[in-house]
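Before reading on, please take a moment to look over the chains and find the helices and strands in each. The report below then goes through them step by step.

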Amino acid sequence: MSGRRIVVTSGKGGVGKTTTTANLGATLAKRGRRVVLIDADIGLRNLDLVLGLEKRIVFDLVEVAEGRCQLRQALIKDKRFESLAILPAAQTREKDAITPEQFAAIVEEASAHADYVLIDSPAGIEAGFRNAVAGAAEAIVVTTPEVSSIRDADRVVGKIAAGGKPIRLIVNRLRPEMVSSGEMLSVEDVCDVLAIELLGIVPEDEDVIDTTNRGEPIALREAGRLSAIYDKIARRLEGELVPFTTFDRQGLFNRLMGALKAG
Amino acid sequence: MESVAIEREIGAEPQRRGRAIVLTSGKGGVGKTTTTANLGTALAERGARVVLVDADVGLRNLDIVLGLESRVKYHVLDVLEERVDLDEALVPDKHSENLRLLAAAQSREKDEVQTAQMEALIAMLRERFDFVLIDCPAGIELGFRNAIAGADEAIVLCTPEVSAVRDVDRVVGLLGNRFKPQLIVNRLRPQLVKRGKMLSIDDVNGILRLPLLGVIADEPEIIITTNRGEPLALRKENPTGAAYHAIAAKIAGEDVPVPMPPAAKQTLLERLTSLFGGGRS
Amino acid sequence: MIEFLRRIFGQRGSSATAKERLRLVLMTDHLELSPDMIETMKRDLVDVISRHVEVDRERIDVTFERQESTLAMLANIPILSVGRPSANGNGKHEGRAPSPDGSARTSKPKRVAAQTGPGAEGQAPPKRKRRRRKKSPPAPATAPAAG
């Protein structure tokens, strides 16, 4: 039974695709799933960096596509997990170095021995994006609650929906205090506009950049609030009905700590 | 030269050539569009004639950052494919009278624009404006190549994150010898730098080694200004608004110090002080 | 009305403005991305109107115009003839005098000078049927429990 193939995309750059792919992948692996992460951003690879695996790259996506190595040789096993591996992108090539069909074939091969294949899409709606989507049967669109991100997300939703693949939404970098003061669009606003199923809400967190810099996905910080959130997203992805956390001025942290203390 | 003058629009001087500057980064989301809009506004407020070109075919956003989305009637491809004159496509800014926008085509693809066409377009714009600022899309493919075509200067934007630095490094390589790019570090959070949770300006430029044009702090107000479509550079009293003006002044050749968030200056000073044996650690 | 709206937006902060702008810009984006849909809409519109009056199908003009807080579709549909009102209210087929040779009478369409050249002099300005239709807002999403 082959695994689910999910592309993580957005249109707009910098909204958190790579961070989401890394953290969601790490969370699924923590839960015992076999996970393969594929970086489709040929030329501007970053998934390896975000996971701290950049020094272990031997082969990359394009070399697999060109038949210069086997997929299993290119996959880098993340030592922090039983079952997480990544296929890095090529750094010195361009996105047209691989066709959508070649990419889809690699994704399929990866999914034969995995429960989840998550594809980190590049920004934009050009060849790199098309490759990434070609390999997937489902999509997660990431947006921030800002006008330009949402507009671009709408564009990619349109493009993916044309292919009939199920699409779900993650609203990233939410600032609840700004929503309360009326200076940031709410999750509800975003959902009204995009009209796709909500998968998760991730608040802005100043530690995320630090974890990226260190190559330690924030989902690995057990006591952290984001690790709980990514866990909820993973559970929803697996079909569980998990209520969305309500963010309010009081702060998510206090509520979660209260909940944890209560067991 | 009289015959040449007749062909030009009233008000343009055929002999002058404005500066064409591309704003690029590789990584998306570091603030290219916001910076283009704000620097354009600041330069226009100084009296320069400025045109902003949105080179992000298919994903246009410069219009919405400027609050001009309801006024865009024609776009770059309408001009390149000769359906309209350049004049009809230039949207006058709502706030700054010397500022114009040339919007990207929302329903087209980047590969529908040829590099030679962009070069010709930018050359044409340079004859009519003092500054042509080109908002480059994310990536390093055709969209990027088209955006840099016709430009003779480049500003690279980088946030203090490893992925952004890596991407800028790649872009600088691709810009090649034609450009001597200057760096703007965007979205710095001096307090996080102090706590060791964010790269410092030195960390970033230690790797990139580019002339520093300016450093802009992370500013929640930017989100609000985009919500409203009113660039922050319209408010000089705001520190970030002021920073954009200082950068504009530098671009215009004024000898001003590199604008930096005050807290960042403090941090640098503290580090220097401790380096030389004084102060607290 | 506009002032009222502005006060509301102002009170509610920039996110209300943002949402409105986003809604409208997405409508425009969607239209720009759907030239086929616009053609179909034009055809359907003309088909419906033609059931009641005779129109010049060749000279239909449909544009979209941004108006304050909405997007409007403006259709300019030149009317060739309107039959005499009949008992059953159908103005199209009845009451039209047949010409001596039995063929249907046609008349030249006249447009208001806004876009086309001047019409024949001394004649009454032609009727211009304008139809303003607001584009429907995007479909409602499943409402999340998030605050």
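How many residues of domain 1 of chain C are in contact with domain 2 of chain C? In this predicted model, nine residues of domain 1 are in contact with eight residues of domain 2 of chain C. The domain assignment places residues 1-33 of chain C in domain 1, while domain 2 takes in 34-115 together with 125-135. On the side of domain 1 of chain C that touches domain 2, helix H1 (2-12) and helix H2 (14-32) of chain C are the elements that give two or more residues, and H2(C) provides the largest share, six residues. Sorted by class, this side of domain 1 of chain C has six nonpolar, two polar and one charged residues.

**The sheet and helices of chain A**

Chain A holds an open sheet of eight strands in the order E3-E4-E2-E5-E1-E6-E7-E8, and the pairing is mixed. Because strand E3 (76-77) and strand E8 (197-203) of chain A stand at the edges and each has a single partner strand, one side of each is left without a neighbour in the sheet. E3(A) pairs with strand E4 (residues 84-87) of chain A in the antiparallel sense, over two bridges, and A:Lys77 stands opposite A:Ala85 in E4(A).

Helix H1 of chain A lies across E1, E2, E4, E5, E6 and E7 of chain A, and runs at about 165° to E5(A). This helix covers residues 17-30, and because its 14 residues at 1.5 Å a residue should span 20 Å, the distance of 20 Å between its end C-alpha atoms agrees with what is expected. H1(A) is mostly covered, with 14 of its 14 residues buried, and just after this helix A:Gly32 takes a positive phi of about 95°.

**The sheet and helices of chain B**

The secondary structure of chain B comes to 13 helices and eight strands, and buried residues make up 54% of its 281 residues. When contacts in chain B between residues at least 6 apart in sequence are considered, 76% of them join residues at least 24 apart.

Eight strands of chain B form an open sheet with mixed pairing, in the order E3-E4-E2-E5-E1-E6-E7-E8. Here strand E3 (91-92) and strand E8 (212-217) of chain B stand at the edges with a single partner strand each, so one side of each is left without a neighbour in the sheet. Strand E7 (residues 182-188) of chain B and E8(B) pair in the parallel sense over four bridges, and B:Leu188 stands opposite B:Ala217 in E8(B).

The table lists helices of chains A and B that pack on a sheet, each with the angle to one strand.

| Helix | Reference strand | Angle |
|---|---|---|
| H5(A), residues 100-111 | E5(A) | about 145° |
| H10(B), residues 201-208 | E7(B) | about 150° |
| H12(B), residues 239-251 | E8(B) | about 170° |

**Where chain B touches chain A**

Which helices of chain B each supply at least two residues of the side that touches chain A? They are helix H3 (62-66), helix H8 (162-175) and helix H11 (221-228) of chain B, and H8(B) gives the most, with five residues. Altogether, 33 residues of chain B are in contact with 32 residues of chain A. The residues on this side of chain B divide into 14 nonpolar, eleven polar and eight charged.

Terms used: Residues are numbered from 1 along each chain as its sequence is written. Chains are lettered from A and ligands numbered from 1 in the order in which they are written. This is a predicted model: local features need pLDDT of at least 70, side-chain atom pairs count only at pLDDT 80 or more; totals for chains, interfaces and linings use all residues. Domain bounds come from an automatic or database domain assignment. Two residues are in contact if their C-beta atoms, placed from the backbone, lie within 7 Å. Ala, Val, Leu, Ile, Met, Phe, Trp, Tyr, Cys and Pro count as nonpolar, Asp, Glu, Lys and Arg as charged, and the others, Gly among them, as polar. The expected span of a helix is 1.5 Å times one less than its number of residues. A residue is buried if 20 or more other C-beta atoms lie within 10 Å of its own, exposed if 12 or fewer, and partly exposed in between; C-beta atoms are placed from the backbone. Two strands pair if DSSP finds at least two bridges between them. Axes are lines fitted to C-alpha atoms, for helices over the stretch in contact, and angles run from 0 to 180 degrees between N-to-C directions.
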